[in-house]
Amino acid sequence: MSITPRTITGSLVMLILVGLPFGLGNYGYYILAIIMIYAIVALGLNVLIGMGGQISIGHAGFWALGAYASALSVIKLGLPFLLGVAVGGMVAAAFGALVALPALRVQGHYLAIATLGFALVVQQVLFEWEWLTGGRQGLFVPRPSLFGIELASDFGYYYFLLAVFLLLAWMSGNFAKSHTGRSLMALRMSSIAAECCGIPRPKHIIIAFAVSAFFTGVSGALYAHLLGHLSTETFSLAASLSFLTMAVIGGLHSRAGALLGGVYLALAPEVLREFKDAQMVIYGVTLILFMQLLPGGLISLPEVVRRAIRRLSRAAA
Amino acid sequence: MPLLEIIGLSMSFFGLRALADVSFDVHAGEIVGMIGPNGAGKSTLLNCVSRLYRPERGSIYFEREDLVNRTVYEVAAMGIRRTFQNLELFRDASVRENVTLGLAYRFKSSLLGDLLDLPSARAMRRAAQEEANRIITSCGLADVADVQVSDLPYGVQKSVELARALAGRPKLLLLDEPAAGMNPEESRRVAETVRHLRDGEGITVLLIEHDMRVVMKVCDRVVVLDHGEKIGEGSPIEVRRAPAVIKAYLGDESAHA
């Protein structure tokens with residue numbers, strides 16, 4: 001492997017990610033764990049929005065399905081934690097494929113509303129299904145454990161989450177360069193041209209939703225075991241909206257952008273706590289500003305600045 | 001047995017008749033031209049064959065299979081590929097990527113293989129890449145293979161679109177004004193290319209063209225459309241002499257010439 005600025009930056013980021021928890025307290029470990037969990041959702045949204053050109057304001061629905069499927073299969077079926085997480089991902093993926101069916105007919109605003117409706121239904125059903133999900137009382141979820149060893153501290157759990165994030169980031173990179181991923185991007189660029197190349201739109205939209213929901217479901221599962229307690233309030237419209245905001249702000253076309261998005265969403269509530277109910281307004285305005293001014297997200301900032309400087313220096317010359 | 005049979009095709013847009021009971025055949029190994037004034041329904045017909053439009057009445061048989069109930073991508077996968085009058089490229093992608101996407105559907109891999117980058121998926125990508133390179137070279141695009149399509153001049157973009165269509169190994173190629181916007185020298189080269197595709201590669205061609213020199217030079221048979229109706233059909237020379245055609249189309253042009 002040759003040494004490029006990219007590999008140097010990558011190694012630096014890795015060093016920081018590995019070294020970060022030291023010296024932080026319990027709350028710091030928790031925030032780091034949350035960053036990873038959010039970043040995995042952002043990876044999922046990148047597949048759907050960045051690659052597929054679809055929209056979803058219902059990802060809290062997939063997140064909830066992953067969380068409850070995993071928690072319930074550990075509690076009720078006695079599955080080991082790792083298997084529970086896999087089940088969470090698979091259940092969410094199956095629902096992702098189902099949600100894709102209306103997406104084949106509608107686009108834009110209508111798709112946004114359809115996904116929103118889906119998330120509200122999921123939240124409501126989980127709430128009403130009391131004997132299974134605990135309804136209002138919620139559900140107590142055991143701590144994560146690996147091969148019989150409990151990850152009692154978020155310090156240890158953070159490293160596990162980091163590994164999962166890296167694994168899924170690797171998978172999404174593979175997907176992006178696969179024929180399936182490239183065909184999906186082709187459909188986004190021109191669906192007429194892509195279909196005239198023999199690329200089936202329905203199949204690829206279903207795959208995009210399923211893969212995106214899988215990532216999000218895995219994240220939900222990991223979140224359930226971090227929190228130790230699940231209640232349906234977590235999986236609200238506000239959660240779906242903040243996921244979308246995070247993915248856009250980090251950068252929809254970059255895995256590092258997904259990580260930045262996770263950092264943003266984990267830290268923003270800490271900073272904005274003072275603003276109470278005005279928080280949602282701030283999220284909304286940030287989202288719109290980013291879409292207008294920096295559609296490539298924070299990760300594209302250095303490139304945008306570089307280009308601006310080049311333009312300025314050319315104008316001066 | 002014709003390769004493509006068009007039987008009684010009719011279509012209208014908002015009450016405006018675009019095609020009225022048009023029938024003709026294209027036989028394997030033929031180069032058939034469609035001519036007619038603007039708005040005659042030529043592009044509409046091509047769009048019906050590639051199923052971007054759904055005809056209101058009539059049938060389109062390709063190798064005896066009715067295309068009317070097929071989707072756009074099924075028709076493409078059956079071996080009908082096309083180019084567009086106003087280009088329909090993946091503009092933000094490189095030439096190589098455009099051509100590779102033209103043949104991607106033939107190389108199927110499993111989703112798990114894609115996500116985990118299994119050797120099977122990697123082998124598939126390599127095979128597709130090799131074939132794309134072959135096509136890029138044979139279409140004379142090797143020098144610009146890694147250039148983003150939108151940075152290329154119009155004429156080269158047209159070649160990219162043709163290369164992408166050929167990547168699908170079509171049995172039938174639909175060309176919508178391949179020589180539009182080209183100078184006489186370039187038009188001549190287009191005519192040669194079309195000839196070569198038939199003679200060398202055995203590809204059947206149905207094309208729309210306004211440049212009569214190209215039509216006369218390459219087409220075995222010409223179908224003339226006017227106001228959505230077929231008003232003539234025959235060899236280029238026959239068509240040129242038919243009074244109805246002269247009145248509707250060639251007459252116009254010779255009066256201007």
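## Contacts, core and sheets in a two-chain model

In this predicted model, 29 residues of chain B are in contact with 22 residues of chain A. On the chain B side, the elements that contribute two or more residues to this contact are helix H2 (72–77), helix H3 (95–104), helix H4 (111–116) and helix H5 (119–138) of chain B. Sorted by kind, the residues on the side of chain B that touches chain A comprise 18 nonpolar, four polar and seven charged ones.

The domain assignment of chain B gives domain 1, which covers 4–79 + 170–256, and domain 2, which covers 91–153. The C-alpha centres of domain 1 of chain B and domain 2 of chain B are separated by 30 Å.

### The nonpolar core

The largest nonpolar core holds 169 residues, and those that touch the most other members are A:Met36, A:Ile37, A:Tyr38, A:Ala39 and A:Ile40. Helix H2 of chain A, spanning residues 26–51, gives the most to this core, with 17 residues. From chain B, the core draws at least three residues from each of domain 1 (4–79 + 170–256) and domain 2 (91–153). If neighbours within four places in sequence are left aside, A:Ile37 is in contact with A:Leu161, A:Ser219, A:Leu222, A:Tyr223 and A:Leu226.

A:Ile16, for its part, lies in helix H1 of chain A, which runs over residues 5–19. Is A:Ile16 buried or exposed? With 9 other C-beta atoms within 10 Å, A:Ile16 is exposed, because a residue counts as exposed when 12 or fewer such atoms lie within that distance. A:Ile16 and A:Ile199 are 183 residues apart along the chain, and 42 Å separates their C-alpha atoms.

### The six-stranded sheet of chain B

Chain B contains an open sheet of six strands in the order E6-E7-E8-E3-E9-E10, with mixed pairing. Strand E6 (80–82) and strand E10 (229–234) of chain B stand at the edges of this sheet, and because each has a single partner strand, one side of each is left without a neighbour in the sheet. On average, and with direction ignored, neighbouring strands of this sheet are turned by 20 degrees against each other. Helix H1 of chain B (residues 42–49) packs on the sheet, where it touches E3, E6, strand E7 (172–176), E8 and strand E9 (221–226) of chain B, and its direction makes about 150 degrees with that of E7(B).

Within this sheet, strand E3 (residues 31–35) and strand E8 (residues 204–208) of chain B run parallel and are joined by four bridges, with B:Ile31 standing opposite B:Val205 in E8(B). E3(B) also pairs with E9(B), in the parallel sense and over four bridges, and here B:Met34 has B:Val223 in E9(B) as its bridge partner. E9(B) and E10(B), by contrast, pair in the antiparallel sense over five bridges, and B:Val224 stands opposite B:Gly232 in E10(B).

### The four-stranded sheet of chain B

A further open sheet in chain B has four strands in the order E2-E1-E4-E5, with antiparallel pairing. Its edge strands are E2 and strand E5 (65–66) of chain B, each of which pairs on one side only. E4(B) and E5(B) are paired in the antiparallel sense over two bridges, and B:Tyr61 stands opposite B:Asp66 in E5(B).

### Residues with positive phi

Most residues other than glycine have a negative phi, and the table lists residues of chain B with a positive value.

| Residue | Phi | Place in chain B |
|---|---|---|
| B:Phe14 | near 50 degrees | loop between strand E1 (4–13) and strand E2 (16–26) |
| B:Arg51 | about 70 degrees | loop between H1 and strand E4 (57–62) |
| B:His227 | near 50 degrees | hairpin of E9(B) and E10(B), with two residues between the strands |

Where do B:Phe14 and B:Arg51 stand on the scale from buried to exposed? B:Phe14 counts as exposed because its C-beta neighbours inside 10 Å number 5, whereas B:Arg51 has 22 C-beta neighbours inside 10 Å and so counts as buried. The cut-off behind the second assignment is 20 or more other C-beta atoms within 10 Å.

How values were computed:
Residues are numbered from 1 along each chain as its sequence is written. Chains are lettered from A and ligands numbered from 1 in the order in which they are written. This is a predicted model: local features need pLDDT of at least 70, side-chain atom pairs count only at pLDDT 80 or more; totals for chains, interfaces and linings use all residues. A nonpolar core is a set of buried Ala, Val, Leu, Ile, Met, Phe, Trp, Tyr and Cys residues joined through C-beta atoms within 7 Å. Domain bounds come from an automatic or database domain assignment. Two residues are in contact if their C-beta atoms, placed from the backbone, lie within 7 Å. Ala, Val, Leu, Ile, Met, Phe, Trp, Tyr, Cys and Pro count as nonpolar, Asp, Glu, Lys and Arg as charged, and the others, Gly among them, as polar. Two strands pair if DSSP finds at least two bridges between them. Axes are lines fitted to C-alpha atoms, for helices over the stretch in contact, and angles run from 0 to 180 degrees between N-to-C directions.
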